[in-house]
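This report describes a two-part model as computed from its atoms. The sequence and structure come first, and the description follows.

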Amino acid sequence: MNVNVPLPAIEADRLTKHYGEAVAVDAISFQIATGSVTGLLGGNGAGKTTTIGMIMSLVAPTSGRVSVLGFDMARDAYRVLHRMNFESPYVDLPHRLSVRQNLTVFGGLYGVKNVAERIARLAADLDLKDFVDRPSGKLSAGQKTRVALAKALINEPDILILDEPTASLDPDTADWIRGHLERYRANKNATILLASHNMGEVERLCDRVLMMKRGKIVDDEAPEKLIARYGRQNLEEVFLDIARGTGAAKKEAAE
Amino acid sequence: MSVASSPAFSFSRIFAMVMRHWYLLRSSWPRLLELIYWPLVQMVMWGFLQSFMAKQTGTLATAAGTFLAAVLLWDILFRGQLGFSFSFLEEMWSRNLANLMISPLRPIEFVLSMITMSVIRLVIGVVPVTILAMFFFGFNFWGLGFALGAFFANLLLTSWAIGLLCAGLVLRNGLGAEGLTWSIMFLFLPLTCVYYPVATLPVWLQWISWALPPTAVFEGMRALVLENVFRADLMLWAFALNVVWITLAGWGFLKLMHSSKRIGSLMSVGE
């Protein structure tokens, strides 16, 4: 037996979530390698948000299990939450607090040493310096996204979960954010799980894509291999094939 | 990496949460004004009523002597619960709850930070009003001495138990349950006999009344103000009840939190 097999950063085993009669996530299993960037894709209602919720222990699975860095999130979440973080445009930071105050609070929650120094570094890296002392609620959408990313990076997480990290950003800022994420992953060997509807972004950032539909993983492959297998030009076309149910035919034709 | 391992309990995390709410209070004068406005209005209204009734003769004049103490103690109970619940609601209103729930902040630390904020809000709201009561009506609330400490502690414990249950219900059911936070304490107003003795209630209702810790506090206050007697037995009864209430509320909060994870309401906070 090979005892040196690295532990997956995230592992789901027959992970299932029912809301009453509705099946949001249907016995999905996957492993995400340390240091990888994985895209979690699917149309609305595919089960991405619920899957992310279970990975972060915000949602309790109906059955199955999910572990992060070897810890079962249903039982031992607090042993690993300080090594994770999350960013989503659907979760805000307190509006009346300045960016610096918000980052100070989260630095305290995550036990960051030298939090002032860390904030200065993030302000420089994410270009927050011009508005770091302004209330978070008075920022533009793009500035808010950068601040949310700064919050997600405050503890230099090993596991970074991003939900639409470049939504509402202009192309220049979005490109800049993607570049920052690429550098962060490379420097920290961080594991990134990315839910996005921006297929260009997924193609650029992700080593691998988990395609979800009606609570199941319907495909699992590197973006370029997926594109080749479906005989398409880009991931957006693959996404449309899968979402519209024409995926199987295209895949067979390409094969 | 700049993050140390995460201890099972951390005063730093509680401090961070207290700072979060302190920054908010400091930045918003309407929030500060709101803390003092209602206790002040209550004190002025009941103060004048007490002054008027004190000029009458007989039982009314005697009863009037307790009104200002009653209203100030009631405000400790009411404001204590609101102070606790507001800290929680602020997270819902700002859609920040998911950020906190995925952080290393433990439920007990979250609760202790809300308790701390409840005391801070109470001090800001009630202490100036007690000083004004002394100035305007010659009523020295602090003259209740050691007994005041016992009253204060017991009322705060009850307010936190109620606040904890309200927080759990809002967590579980979303902001649709927010109205409870504002109104639940008014159920206690008649039942805990703030302004009249327990004996005023029908016998069957007295049983319910004595199961509520504040009832013993308000009875104790009347014994002190009217008969100059400190009823330690009542304070011990209130404390014992508070232990039961806090335990039940903590259990209820954890159950409601687990339930919110089961139904997925933490992913859709605010709705």
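## Residues with positive phi

B:Asn228 is exposed because it has 7 other C-beta atoms within 10 Å. By definition, a residue is buried with 20 or more other C-beta atoms within 10 Å of its own, exposed with 12 or fewer, and partly exposed in between, the C-beta atoms being placed from the backbone. The model is predicted: local features need pLDDT of at least 70, side-chain atom pairs count only at pLDDT 80 or more, and totals for chains, interfaces and linings use all residues. Residues are numbered from 1 along each chain as its sequence is written, and chains are lettered from A and ligands numbered from 1 in the order in which they are written.

B:Asn228 sits in the loop between helix 10 (213-227) and helix 11 of chain B. Its phi is positive, about 60°, although the residue is not a glycine. Helices (H or I, at least four residues) and strands (E, at least two) are DSSP runs, numbered from the N terminus.

Most residues other than glycine have a negative phi. B:Arg95 also has a positive value, near 55°, and belongs to the loop between helix 4 (67-93) and helix 5 of chain B. With 17 other C-beta atoms within 10 Å, B:Arg95 is partly exposed. The table lists positive phi values in chain A.

| Residue | Place | Phi |
|---|---|---|
| A:Ser57 | just after helix 1 of chain A | about 65° |
| A:Asn189 | following helix 5 of chain A | near 50° |
| A:Arg214 | hairpin of strand 9 and strand 10 of chain A | near 45° |

## Chain A

Chain A contains nine helices and ten strands. Its radius of gyration is 19 Å, which agrees with the value near 18 Å for a compact globule of 255 residues; the radius is taken over C-alpha atoms, and the globule rule is 2.2 Å times the number of residues to the power 0.38. Along the principal axes, the C-alpha atoms of chain A fill a box of roughly 55 × 40 × 40 Å. Of the 255 residues in chain A, 49% are buried. Among contacts in chain A with a separation of 6 or more, 64% join residues 24 or more positions apart; a contact requires C-beta atoms, placed from the backbone, to lie within 7 Å.

Helix 1 (residues 48-55) of chain A is largely enclosed by the rest of the structure, because eight of its eight residues are buried. The buried residues of this helix include A:Lys48, A:Thr49 and A:Ile55. Helix 5 (residues 171-188) of chain A has 18 residues and spans 26 Å from its first C-alpha to its last, close to the expected 26 Å. The expected span is 1.5 Å times one less than the number of residues.

An open, antiparallel sheet of chain A has four strands in the order 2-1-4-5, where pairing requires at least two bridges found by DSSP between two strands. Strand 2 (22-32) and strand 5 (71-72) of chain A are the edge strands, each pairing on one side only. Seven bridges link strand 1 (residues 10-19) of chain A to strand 2 in the antiparallel sense, and A:Glu11 stands opposite A:Gln31 of strand 2.

Beyond strand 5, A:Arg75 lies in the loop before strand 6 (84-87) of chain A. A:Arg75 counts as exposed, with 11 C-beta neighbours inside 10 Å.

Strand 9 (residues 208-213) and strand 10 (residues 216-221) of chain A run antiparallel and are joined by five bridges. A:Val209 has A:Glu221 in strand 10 as its bridge partner. Their hairpin has two residues between the strands.

## Interface and core

How many residues does each chain bring to the contact? Chain B supplies 34 residues and chain A supplies 33. On the chain B side, helix 1 (11-27), helix 5 (97-101) and helix 11 (232-263) each give at least two residues. Helix 1 of chain B has the largest share, nine residues. By class, this side holds 16 nonpolar, twelve polar and six charged residues. Here Ala, Val, Leu, Ile, Met, Phe, Trp, Tyr, Cys and Pro count as nonpolar, Asp, Glu, Lys and Arg as charged, and the others, Gly among them, as polar.

The largest nonpolar core has 147 residues, and those touching the most other members include A:Ile55, A:Leu194 and B:Leu72. Helix 7 (residues 146-173) of chain B gives the most to this core, 16 residues. Such a core is a set of buried Ala, Val, Leu, Ile, Met, Phe, Trp, Tyr and Cys residues joined through C-beta atoms within 7 Å. Not counting residues up to four places away in sequence, B:Leu72 touches B:Met43, B:Val126, B:Thr130, B:Ala133 and B:Phe141.

Definitions and conventions
Two residues are in contact if their C-beta atoms, placed from the backbone, lie within 7 Å.
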